[in-house]
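Here's a quick briefing to read with the structure open. It goes through one chain-to-chain contact, then one contact between domains, and ends with the build of a single chain.

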Amino acid sequence: MSRELLTGNGAAAWGARLARADYVPAFPITPQTEIIETLGQWIDAGDMPGRMVTLESEHSVLTAAGAAAATGVRVFTATSSQGLLYAMEMLYTVAGWRVPFVLVNVSRGLAAPVTLESDHNDIMAARDSGFLQIHCATCQEVLDGVLMAYRLAEDERVRLPAIVNLDGFYLSFTREPVDIPDPAAVDRFLPGFDPENLAFRASQPISQAVAVLGGSPYSYFRYETHLAALNALHTYADIAQDFAAEFGRSYEAVENYHADDADIVFVMLGSFATKARDAVDRLRASGERVGLLRPRVYRPFPADDMRRLLAGKRAAIVVDQNLSVGKGGVLHAELASVLYGIPKAPAALLSFVGGLGGRDISAEEFFEMVTVARQAIADGVTPPPRLLYTEDELRELRKLQAVAEVERRELGGKR
Amino acid sequence: MKESVLKRMKDLPSSHLLGAGTPMCAGCGGLEALHEIYDQVGAKSVFVNAAGCMTLLATYPFTPFRGSWLYTAMASAPAGAQGVRDALDILIDSGRLPPDEDLATVVLTGDGAAYGMGLSATSGAIERGLDFLYICYDNEGYANTGQQASAATPHGAQTSTTTLGYAGYKKDLFGIWAAHRPTYVATVIGAEPLDLARKVQKAMSLAGPRLILALAPCPTGWDFDPQYTADVGRLAVQTGIWPLKEYVGGEVVHTKAPKQRLPVEEYLRLQGRYAHLFEAGGQAGLIDEIQARVDAYWDGVER
Amino acid sequence: MYRIRFHGRGGQGMKTASRILGSAFFRAGYEVQDAPRYGAERRGAPIFAYVRAAREPINERGVIAEPDLVIVADESLVGIAAAGVCQGLSERSVLLINSHEDVATWTHRLNLAGPVLVLPAREAVADRAELPFAGTACAGAAAVLVGVIPRDGLEAAVREELGSLPQQVIDQNVAVALHAYDEMRDHAGLVREAPTRSAKDYEPPAWLEPVFEDARHSAPAIHAAATSVQVRTGLWRTLRPVIDYDRCNKCWWVCSTFCPDSCISVTDDGVPEIDYDHCKGCMICVAKCPPHAIGAIPETDARDAALTGEPS
Ligand SMILES: Cc1ncc(C[n+]2csc(CCOP(=O)(O)OP(=O)(O)O)c2C)c(N)n1
Ligand code: SF4
Ligand SMILES: [Mg+2]
């Protein structure tokens, strides 16, 4: 084991290397490119025995990844944002094939307007595809998450592809100290992939991913995929235990940061949650009993954990780094569906949308969210969802609009 | 490259590998070509398919294949073949799979995928030198969705989206492939089984990217009685509309140039999709144009 | 509400039949739903279409489970369980078969609780272009059986639905439809609207919670070769190719090579044999056989000769 400074992208590449990924179909996109560049360099230098092939699109990447996994090798790939959406048809498709492999997504906001910076709309679009999702908050979690994702995806109780998600820039290009485990220890934790009877062999003809006729067989196959994903919850718990035993780091499906004795709890995904951790520390220092819950496993959704951990809280503050246009924050909606009707559900479930397109969330904003929550508890009225956006920001935007001569357009194009 | 052992018709197989009972239309020219091709490819193969009529060949729990099959999507069958081929190579090279478990990697798509949506994936696979055989059954339209015009639809043909006749011109997929300098490209048709079998055998003896492009008379989409599938196919060759040729080693050779070309009219007349060309006061000039284009092609060949 | 199902083969005009009947109902002031139902199969394969008609807006959707009237355009489908012709028939549903045989034969053969009628079929069809008339005839018969569609309403509906065809073809179809209407006039109004389903005494669905089965079993994969031979596409056939072995000169198995469906195998001494379980009746072999040793006969004749309800 060694401890080194690695970017999130570097950590992802190390995860693939230590997992002994056989095959890496790839296509570049910022902020993911560094992952495949790193793997390519290792493979060229003979440091890693795998094979990499650059295809012509992410749609093709996902097809090749699924097909190679369907042939029985361990596959790794990575993408981001527009790439994930370009591949979307194949995300649903290969999940239905029931082939295990790991896809790292480096979250980045979606066009239009086009941006390079991070938010979670890309990964949320893959929410219903059948891919499992593990969301990371640190570079260490990225490396560890890749290893755990292989175990989870390949487990016979599951057998689905998995996405490990990390935030663009905030993790992808940010170096942090990361423990790089011993290859031998990784081999103990993650043995080679055995495709069993789902692979192409001359001696055993198989037609994979065939068509069905009618809603009844379709329902069966689709629902079995769902049951497999649900199985991934207890399977994850077992794997997390093995991981802790081998590497000494424990990763529960939901990170619980001072939530047990809190009366107000933040709920967030990804790396911005460490900002919330920081805010929790400072709020606690000033006497507020607040905490943080962060689903690491987002698909399958750890519904029972969330219900248990939120029971008896007075308020939950959901900070969504995504926006379902015409509805609002996705995590908020999902949590509401999970909490509805349970005894002791938090009386107030607040929704904030922030961090879109990489916009920062300041400590003061976290503090203020708690103030708003306290008011909601006192009034018994939950305020409407709020976008984290300030007067200063609008003033700055107005300047840009002036340069863009927005007003002139408003006057019908006359000068 | 081994020379074909197929000398005469009697050398063609008299029993067939592809199972009966498929959901393809009665008289499907694509299936006619496929069953002839499959006899040469053999069961040690995995067919990677894109969306089209033939996707329904493998409909749970029925498949006519004696080897393997993977359905992908409309755009990316060649990328699926890439994944399968690379994975098999990795397993064999690393000693995890005995070499006799290897499979020929075959892509099977219609023209819509081959000429259009899947062309980027195809181009990429050829350029990467992927060792695969691409079989395109060209029924000159999106047949599975009801024969809308595709990039392979010939000029003047009626389709369900071009009721007045297709205004564009059929793309030259043979030329597009050849421009990539692959190992082998050939046009075939089920109605010329010996020529077809020889070419598939030759393709199977080579490595690298290979295309078998089969014109697939489609009784449903082209509107003719299914009994005429082979006759329409034969006329496509004898009128010179479907030149049987191959590209190998940088050279294009015509394998069955008609000695005396029949007028294109004989081919067109059999098909409802060209009926408007024969109506009084119709677009009769189009027949001349189609003839002129065919003549110009062969003038170029014969020069 | 009237619930009516048409059974036929791809290419016999079942969709058109349902649309003609739908339009005729609509013209008679009814709310209507008509739809075809396709599977993966194509021309020649068993398909069905259905019509609902009611005085009130129709909320029911999808396949009709309990029909008031079932019309079979192709009698060979009745014996094919997979075609589902008899599905949901009760003592109050009417079954009408377009057939060469008489009511007594069918009544005896099927032993159904409800009435069975026969619409006398036209001469055995040797020309496939004639097949679509079966649909028009069935629509005409259905129109009179429900008893609420006037003769001129039927004619108008046929003209409306076939509007894009040449005038002569439309006129022929109108004649066929009206002929069927007149032929079944004795049974006008035999078909009655079903009472609405009670929410009180009903059979509860036997729901179950599917259990997880691992991917070795629950992936959409077929772990076997050539299972398609279990599908009897021979049932699609309307024409049957028959080899005259006296004329067959045991050539280079032209028929076997051209048959798209791998349905002609050749014995060691060069004799071709047709697999009627799977032959779809495309007739390419008939067209290609050099000495013209393969002839075509209507499938119904072949079946009558074999004295079975299904092809061998
Ligand atoms: C991305 C996508 N768009 C559209 C379709 C619908 N679709 C299914 S098959 C097909 C036609 C394919 O045409 P072709 O490749 O020529 O095959 P054919 O149907 O003629 O056999 C289309 C458009 C699809 N499956 N996927
Ligand atoms: S539509 Fe054409 S290509 Fe498709 S199955 Fe039918 S005949 Fe074959
Ligand atoms: Mg096509």
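Between chain C and chain B, the count comes to 17 residue pairs in polar contact, with both residues at pLDDT 80 or more. On chain C, helix 7 (254–258), strand 8 (264–266) and helix 8 (284–288) each put at least two residues into the side that touches chain B. Keep in mind that this is a predicted model.

**Where chain C meets chain B**

- That side of chain C breaks down into 23 nonpolar, 9 polar and 9 charged residues.
- In terms of who touches whom, 41 residues of chain C are in contact with 44 residues of chain B.
- Together, chain C and chain B bury about 3500 Å² between them, and carbon and sulfur atoms give 58% of that area.
- How many salt bridges are there between chain C and chain B? The count is 1.
- The partners in a salt bridge here are Asp231(B) and Lys288(C), whose closest N and O atoms sit 3.0 Å apart.
- If you want to find Lys288(C) on the chain, look at helix 8 (284–288) of chain C, one of the elements that supply at least two residues to the side touching chain B.

**Inside chain C: domain 1 and domain 2**

- The domain assignment splits chain C into domain 1 (2–197) and domain 2 (227–308).
- Measure from C-alpha centre to C-alpha centre and domain 1 of chain C and domain 2 of chain C lie 31 Å apart.
- The two do touch: 18 residues of domain 1 of chain C are in contact with 12 residues of domain 2 of chain C.
- How much area is buried between domain 1 of chain C and domain 2 of chain C? It's about 1100 Å², with carbon and sulfur atoms giving 62%.
- As for salt bridges across this domain interface in chain C, the rule finds 0.
- Polar contact between domain 1 of chain C and domain 2 of chain C comes to 1 residue pair, both residues at pLDDT 80 or more.
- On the domain 1 side of this contact in chain C, the residues divide into 7 nonpolar, 4 polar and 7 charged.

**The build of chain B**

- Chain B has 11 helices and 8 strands.
- The radius of gyration of chain B is 19 Å, close to the 19 Å that the globule rule gives for 303 residues, so chain B is as compact as a globular protein of that length.
- Along its principal axes, the C-alpha trace of chain B spans about 70 × 45 × 40 Å.

Notes: Residues are numbered from 1 along each chain as its sequence is written. Chains are lettered from A and ligands numbered from 1 in the order in which they are written. This is a predicted model: local features need pLDDT of at least 70, side-chain atom pairs count only at pLDDT 80 or more; totals for chains, interfaces and linings use all residues. Side-chain values use heavy atoms; hydrogens and water are left out. Contact means heavy atoms within 4.5 Å. Buried area is the accessible area (1.4 Å probe) that two parts lose on being put together, summed over both. A salt bridge is a side-chain nitrogen of Lys or Arg within 4 Å of a carboxyl oxygen of Asp or Glu. A polar contact is a pair of N or O atoms within 3.5 Å; within protein, one must be able to donate a hydrogen and the other to accept it, and residues adjacent in sequence count only if both atoms are side-chain atoms. Helices (H or I, at least four residues) and strands (E, at least two) are DSSP runs, numbered from the N terminus. Ala, Val, Leu, Ile, Met, Phe, Trp, Tyr, Cys and Pro count as nonpolar, Asp, Glu, Lys and Arg as charged, and the others, Gly among them, as polar. Domain bounds come from an automatic or database domain assignment. The radius of gyration is taken over C-alpha atoms; the globule rule is 2.2 Å times the number of residues to the power 0.38.
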